[in-house]
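Here is my notebook from an afternoon of looking things up. Keep the viewer open and follow along with me.

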Amino acid sequence: MSYAHSHIGSGSRTARRTFEFGKTYVVRPKGKHQATLVWLHGLGDNGLSSSQLLESLPLTNIKWICPTAPTRPVALLGGFPCTAWFDVGELSEDGPDDWEGLDASASHIANLLSTEPADVKVGIGGFSMGAAIAQYSATCFAMGRYGNGIPYPVNLRAIVGLSGWLPGSRSLRNKIEVSHEARRRAASLPILLCHGISDDVVLWKYGENSAQSLSSAGFRYVAFKSYDGLGHYTVPREMGEVCTWLSSRLGLEGSS
């Protein structure tokens with residue numbers, strides 16, 4: 001288990017939330033280790049199911065790290081506890097953002113990547129709420145810091161988000177425009193977003209809005225792919241496009 005601590009100053013009182021993350025599963029590369037990606041599950045899921053999906057992919061040069069989110073009360077579920085990367089009242093860009101939970105999970109993920117060898121390219125991907133954290137991590141990388149101001153420590157090379165949304169989208173452009181370094185980092189990071197048009201859990205329009213928000217904020221390499229008839233799940237054709245995109249963007253050898 002690992003822990004992330006967060007502090008909120010409130011007058012003379014300081015509230016402290018501790019997040020206990022679940023088990024992390026690792027899928028080792030079958031070939032030369034060229035890249036490491038953290039893959040993040042959706043609400044109520046766990047890292048084991050992610051690892052089972054990823055180990056079947058024909059990406060022999062990628063090491064996959066599949067953490068499990070903390071179990072916490074979730075407002076969307078009436079306070080019922082389940083695995084969640086952050087608290088959420090609705091699965092969209094419209095709800096209030098749990099900045100403390102977002103930063104705790106983004107920090108946990110960055111820590112998982114921070115010990116990878118220097119010659120290994122690193123990235124983050126995920127599904128649904130996991131895709132939201134992947135996109136939030138992209139914005140932390142661009143700005144060079146988490147929402148709480150602590151420096152972001154990892155040089156991300158790729159982001160993949162399936163059936164997700166972008167937390168903090170409304171203020172993103174203003175935060176990046178003011179910094180030359182933030183604009184440079186945003187312009188360097190390729191992002192692939194995929195979304196089913198028939199998704200009735202996280203609506204397709206939120207995926208499209210995320211891509212537009214990222215592009216307008218200065219992320220130059222945002223690809224947004226839509227899938228007719230696809231609901232809130234993944235299909236082999238979508239995962240095939242993820243493999244092709246990662247192989248190309250990360251310059252992987254011997255991957256199909």
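**The tail end**

I began with E253, which lies in the segment after α7 (236-250). Helices here are DSSP runs of H or I with at least four residues, strands are runs of E with at least two, and both are numbered from the N terminus. The model is predicted, so I noted the ground rules: local features need pLDDT of at least 70, side-chain atom pairs count only at pLDDT 80 or more, and totals for chains, interfaces and linings use all residues. Residues are numbered from 1 along each chain as its sequence is written, and side-chain values use heavy atoms, with hydrogens and water left out.

Is E253 buried or exposed, or partly so? I found that E253 is partly exposed, because its relative accessible area is 44%. The cut-offs are under 20% relative accessible area for buried, over 50% for exposed, and partly exposed in between, with a 1.4 Å probe and protein chains only. I also looked up its distance to N174: the two C-alpha atoms are separated by 38 Å, with these positions 79 residues apart along the chain.

**The annotated span**

I checked the UniProt record next. Its unreviewed entry carries the annotation "domain: Phospholipase/carboxylesterase/thioesterase" for residues 25-247. UniProt positions are given in the numbering used here, feature names are shortened, and annotations may be inferred rather than shown by experiment. In the model, the end C-alpha atoms of residues 25-247 lie 22 Å apart. I noted 36% helix and 22% strand for this span.

**Rings that meet**

How many aromatic pairs does a search of the whole structure find? I wrote down six. To pair, rings of Phe, Tyr and Trp (its six-membered ring) need centres within 6.5 Å; planes under 30 degrees apart count as stacked, over 60 as edge-to-face and the rest as tilted. I looked at W99 and Y136: this pair is tilted, because the ring planes stand at 50°, with the centres 6.0 Å apart. The pair links distant parts of the chain, since W99 belongs to helix α2 (residues 99-113) and Y136 to helix α3 (residues 129-143), 37 residues apart. W99 is partly exposed at 36% relative accessible area, whereas Y136 is buried at 2%.

Then I turned to Y146 and Y152. Their planes are at 70° and their ring centres 5.3 Å apart, so I logged the pair as edge-to-face. Both Y146 and Y152 are buried.

W99 gave me one more entry. The charged end of K175 sits over the ring of W99, 5.0 Å from its centre. For this label, NZ of Lys or CZ of Arg must be within 6 Å of the ring centre and within 35 degrees of the ring normal.

**Along helix α3**

I stayed with helix α3 and found S137 there. S137 is buried, with a relative accessible area of 0%. S137 and S107 are 30 residues apart in sequence, and I read 8.7 Å between their C-alpha atoms.

A142 lies in helix α3 too. A142 counts as buried at 0% relative accessibility. From A142 to R28 I noted 28 Å, C-alpha to C-alpha, and 114 residues in sequence.

**Two serines with positive phi**

Most residues other than glycine have a negative phi. I therefore made a note of S128, which has a positive phi of about 60° although it is not a glycine. S128 lies in the loop between β8 (121-127) and α3, and is buried at 3% relative accessible area.

S163 also has a positive phi, near 60°. I located S163 in the loop between β9 (156-162) and α4 (169-177). S163 is buried, at 0% relative accessible area.

**Empty space inside**

Last, I looked up the cavities. On a 1 Å grid over the protein atoms alone, a cavity is a set of points where a 1.4 Å probe fits but cannot get out, and lining residues have an atom within 4 Å of a point. Three cavities of 30 Å³ or more turned up in a search of the whole structure. The largest has a volume of about 60 Å³, a volume being the space filled by probe spheres set on the points. Its lining includes R28, P29 and W64.

Definitions and conventions
On a 1 Å grid over the protein atoms alone, a cavity is a set of points where a 1.4 Å probe fits but cannot get out, and a pocket is an open set with protein on both sides within 12 Å along at least five of seven lines; lining residues have an atom within 4 Å of a point.
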